[in-house]
Amino acid sequence: MPVDVGLLLHELGVQVTEGTSASSLLLRAPDGTPFEVEPATPTERLNAGQVRINASRRRSDNHYRLLHVGRSATAGVLERAEAGEFDILIAEPIQLIHSGGVYAAAPELSRTQPPRHKGRPAWTRWALQRYLLLTPTPSRQPVIADALGTTQQSISRSAQALQGLVIDRGEGLFAIDRARLLEHWRGEYPGPGGQEFGWYGLDTATEHVEAVVELAAQLEVDALVSGDVAADRIAPWKHPMRGRVYLSGPIDLADDGFVPAPLAEANLVVCIPRDPTLWTLVPPIANGAGSEDLPVADAAIVYWDLLMSGDQDSDEAAQQVSRFLTALAWVPGEQAGK
């Protein structure tokens, strides 16, 4: 099987864009370091002789470094690359060495499993919990019912099922302890569900979701951005590495610079969710952070997606979003929803 430069760089978490020439690539390492390289023709095993051949075939006036590519490399080549003599990219084991710096594949993180739920999904109860997490003041039941597109009776029944977590003292429903409510919701919410499709592209995660949102608008398909890119809008913490977009209907991205990819290898995931409340509980009520350029999913869904992704640093990013949610405290005496 031939060595795939793009796939290897993706496995290392390296962002790839076009370089200043037709033969070069502009890379951004996971630590944020940008550099430009010219990949040589991949070979099965990099040895000193192959390195000399690659160098002899290259134009001497190029200002960027030559990237030697192979399935594996000899110990001597590895030692010289780590000394900064030249750059290499190999598949066994996957690693990129640039200017003496070594970028290796992170250990595969296990994706957190969502809680199992038996019976009919309690979309309204779970949406009520998100609503109370996402609004800074108490809200009366008719207001919540209208926002969620359901009946006041349904909201009342859901609130009764949350005794000890939510309360109504006349001003409206509100969370007694936001952190406890968030933990309770996380423990029983099975996720938006639905069908997921993995795609791979060469642009940044933000550019990927922007392209999907633009195409969805052209096709009159609703879109909501979640995951890394949405978290970067709500509570910036990590550099977005993977795009996630919820869609109200299927769209084909094959003609827009993307290729289908397994979910574990995709740097863009689109999902047609089963949870209908994703579309009813959206900004400005959804997160309060605002995002004029992208339709961002509500902060609780973003928090859940980060926790479930299993991506590196996603747990820390989720904690930043949770701090945003739990900081939306209500001070008695503030005006309630009317």
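Two strands are taken to pair if DSSP finds at least two bridges between them. With that in hand, the strands of this predicted model can be followed one by one, and strand β5 is a welcoming place to start.

Strand β5 spans residues 65-73 and is mostly covered, with 8 of its 9 residues buried. Three neighbouring strands can be introduced in turn. Strand β3 (residues 34-39) runs parallel to β5 and is joined to it by 3 bridges; here Val37 has Arg65 of β5 as its bridge partner. Strand β4 (residues 43-46) also runs parallel to β5, again with 3 bridges between them, and Arg45 is found opposite Ser72 of β5. Strand β6 (residues 87-91) is linked to β5 by 4 bridges, and these two strands are parallel as well. In this pairing, Leu67 stands opposite Asp87 of β6. In a regular strand, side chains alternate between the two faces of the sheet.

From the covered strand, the description now turns to the surface. A negative patch is formed there by Glu18, Asp203, Glu207, Glu210, Glu214, Asp252, Asp255 and Asp256. The element that gives the most to this negative patch is helix α8 (residues 205-218), which supplies 3 residues.

One member of the patch, Asp255, deserves a short visit of its own. Asp255 is located in the loop that lies between β13 (243-247) and β14 (259-260). With a relative accessible area of 74%, Asp255 counts as exposed, because the cut-off for that term is over 50%. Strand β5, by contrast, has 8 of its 9 residues buried.

Notes. Residues numbered from 1 in each chain as written. Predicted model: local features only at pLDDT ≥ 70, side-chain atom pairs only at ≥ 80, totals over all residues. Heavy atoms only, no water. Patch = residues over 30% accessible without salt bridge, like charges linked within 9 Å, V, L, I, M, F, W, Y side chains within 5 Å. Areas by Shrake-Rupley, 256 points an atom, 1.4 Å probe, with all protein chains shown as cover. Salt bridge = Lys/Arg side-chain N within 4 Å of Asp/Glu carboxyl O. Lys, Arg positive; Asp, Glu negative; His and termini not counted. Charge placed at Lys NZ, Arg CZ, Asp CG, Glu CD. Buried < 20%, exposed > 50% of the residue type's maximum accessible area, 1.4 Å probe, protein only.
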